[in-house]
Amino acid sequence: MRLAMVIDTKKCVGCSDCVVACQTENDVPIGYCRDWITETVNGTYPNLTLELRSERCNHCDNSPCVRCCPTGASHYGAGGAVIVTKNECIGCGACIESCPYDARYQHPDGYIDKCTFCHHRVSNGLLPACVSVCPTKCMYFGDLDNSHSEVSQLLRNRKYKTLAPEAGTKPQVTT
Amino acid sequence: MKEELFISGRNIPNIDPILHVWHWPISVDLFFGGLAAGLLFFAALFYLLGKEKEYPSVVKLAPFVAPIGITIALICLFYDLTHKIYFWRLYMTFRLESPMSFGSWVLMFITPISFLWVFSYAREVFPKLNYKYEILITIEKFAIVNRRIMAILLLPLSVSLGIYTGILLSAFNARPLWNNAILGPLFLTSGLTTAAAVIIYFAKTAVERKLFNVILLGLIFLQIALISHMILGYYSGSEIQLEAVQLLMGGSFTFMFIGFVIVLGLIIPFILELFTYQGYKIPVIIPVLLILLGGIIFRFVMVDAGQISRYLY
């Protein structure tokens, strides 16, 4: 099983529902977030294009955060999701420095926190909180190893990109 | 022309708008780690070369700074952890891929050896010292008998510690300013340079001063060469490296980098040491302080500027 997420930026309206759902589901402390919305405007006025993206940890196949973790607190969980074990994390910040997506933050309790692909929900057959609440249904989640899954079909049939592939991390969230 | 505007919906303190997870303790740790590594390297090398009597300051006196430096470095490292209660987890595993794991194990071995090393010379350096407890005399005897083994261990350990201070940063390919292979040897050279400066300060004989004057000149020259190589490497790199080097060459860190690290910390001490070599009387403390100042500012610049450099946004 290789879990992955696909975001259809043509359907995303940047409502931030995914952000709020994640904060509520995962008790993210006020003033922090595990996912966020970016708006990028490309081109030269008046020929501009706007892209809205819901971003989070990319649960990379070649995760620098897992590599650099001195205690093994950052590790690959079920389906390749990158998970942090709270009581193994010493809060050295190396994983934050190593992430080209800046997807991690220091929890006020000291340990490093990030998106888990809602593994507590996924292991019970549910979708991640952000995916389940998206009002435009622009987020897809599933198993890349299953060629019939929605994410596999989308990646076969649509043009897609990953963020900063030149960082060499093999990200598993595509847009 | 392509314009890209980023409107962030993120709210992560310490990351937005500028990543600043590693604060001053990391810079101080890297400085004292490098200094201690250099001092122990020279002490072990000169001991193994049989120059103990000829160069007493190198082998016996200057290394006293090393355990103090390592202790400061360790306190800084511990202070910077945000989940301190689990720090012992560092020693429950060894992860070769993680420079921090590698470095913490190196520190684990080099710290007691550095204390034992200076302890074995404590009564030679401070003749008035008198131990009241038998255990101290036993430890001293053990340390004196095992000096050669300690020196053999210290050589690779001190080089590892010195290189680790640079590799800790260069292993992060997410930070383009850090991600170059020169940083390890550069930090090692910088550590050796600061150590050679401290040794010159403690040097008692003209022979020691003369040799370390030459060593210092060579190390400063090597450091300038490595820094030039690093800068050229950025300029021949990809767009993210070109953006990253702007922080040092024309950005907010330029004054500190060029003014304090290169001119005040390397070029002026080099000229002063050159005059000393020619026989001019230059107060020893001036180049020594400048080199130490340049060394610590170099760590601050690299740690702070590196965190700003990034791939996205």
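Analyst: A residue counts as buried if 20 or more other C-beta atoms lie within 10 Å of its own, as exposed if 12 or fewer do, and as partly exposed in between. The structure discussed here is a predicted model.

User: How is that cut-off applied to A:Asp102: is the residue buried or exposed?

Analyst: A:Asp102 has 22 C-beta neighbours inside 10 Å, so it counts as buried. The residue sits in the loop that runs between α3 and β6 of chain A.

User: Which backbone angle of A:Asp102 deserves attention?

Analyst: Most residues other than glycine have a negative phi, and most peptide bonds are trans. In A:Asp102, phi is positive, near 50°, although the residue is not glycine. Chain B offers another case: B:Asn14, also a residue other than glycine, has a positive phi near 80°. B:Asn14 belongs to the loop between β1 and α1 of chain B. With 16 other C-beta atoms within 10 Å, B:Asn14 is partly exposed. A further positive phi, of about 50°, is taken by A:Asp27, just after α1(A).

User: Where are the cis peptide bonds that involve A:Pro46 and B:Pro17?

Analyst: In chain A, the cis bond joins A:Tyr45 and A:Pro46, with omega about 5°. A:Pro46 lies in the loop from β2 to β3 of chain A. In chain B, the bond from B:Asp16 to B:Pro17 is cis, with omega near -5°. B:Pro17 is in the loop between β1 (3-8) and α1 (24-48) of chain B.

User: Turning to strands, how should one read the side chains of β1(A): which residues point one way and which the other way?

Analyst: In a regular strand the side chains alternate between the two faces of the sheet. In β1(A), A:Leu3, A:Met5 and A:Ile7 point one way, whereas A:Ala4 and A:Val6 point the other way, and all are buried. Because 5 of the 5 residues of this strand (residues 3-7) are buried, β1(A) is largely enclosed by the rest of the structure.

User: Which strands pair with β1(A), and in which sense?

Analyst: Strands of a sheet pair through backbone hydrogen bonds, either parallel or antiparallel. With β8 (residues 139-143) of chain A, β1(A) pairs in the antiparallel sense over 5 bridges. With β9 (residues 173-174) of chain A, β1(A) pairs in the parallel sense over 2 bridges. A:Val6 is a useful residue to inspect on screen: its bridge partner in β8(A) is A:Tyr140, and its partner in β9(A) is A:Thr174. A:Leu3 has A:Asp143 as its bridge partner in β8(A).

User: In what order do these 3 strands form the sheet, and which are the edge strands?

Analyst: The order is β8-β1-β9 in chain A, an open sheet with mixed pairing. The edge strands are β8 and β9 of chain A, each of which pairs on one side only. Helix α6 (residues 150-157) of chain A packs on this sheet and touches β1, β8 and β9; its direction makes about 110° with that of β8(A).

User: For a helix such as α1(A), where do the buried residues lie?

Analyst: In α1 (residues 17-25) of chain A, the buried residues are A:Cys18, A:Val19 and A:Cys22. Seen down the axis of α1(A), they fall within an arc of 100°, so they line one face of the helix. The elements of chain A that cover these buried residues include β2, β3 (47-55), α5 (129-133) and β8.

User: At what angle do α4 and α5 of chain B pack?

Analyst: Helix α4 (residues 99-125) and helix α5 (residues 134-145) of chain B pack at about 100°, with their axes 8 Å apart. The two helices are therefore roughly perpendicular. On α4(B) the contact is made by B:Leu116, B:Phe119 and B:Ser120, and on α5(B) by B:Ile139, B:Glu140, B:Ala143 and B:Ile144. By class, the residues of this contact are 5 nonpolar, 1 polar and 1 charged.

User: Finally, how many residues of chain A and chain B are in contact with each other?

Analyst: In the contact between the chains, 44 residues of chain A meet 43 residues of chain B. The elements of chain A that give two or more residues to this side are β2 (36-44), α2 (64-68), α3 (94-98) and β6 (105-106). Of these, β2(A) gives the most, with 9 residues. By class, the side of chain A that touches chain B has 23 nonpolar, 16 polar and 5 charged residues.

Methods:
Residues are numbered from 1 along each chain as its sequence is written. Chains are lettered from A and ligands numbered from 1 in the order in which they are written. This is a predicted model: local features need pLDDT of at least 70, side-chain atom pairs count only at pLDDT 80 or more; totals for chains, interfaces and linings use all residues. Two residues are in contact if their C-beta atoms, placed from the backbone, lie within 7 Å. Helices (H or I, at least four residues) and strands (E, at least two) are DSSP runs, numbered from the N terminus. Ala, Val, Leu, Ile, Met, Phe, Trp, Tyr, Cys and Pro count as nonpolar, Asp, Glu, Lys and Arg as charged, and the others, Gly among them, as polar. Two strands pair if DSSP finds at least two bridges between them. Axes are lines fitted to C-alpha atoms, for helices over the stretch in contact, and angles run from 0 to 180 degrees between N-to-C directions. Angles under 35 degrees count as roughly parallel, over 145 as roughly antiparallel, 65 to 115 as roughly perpendicular and the rest as oblique. The arc is that of the directions from the helix axis to the C-beta atoms.
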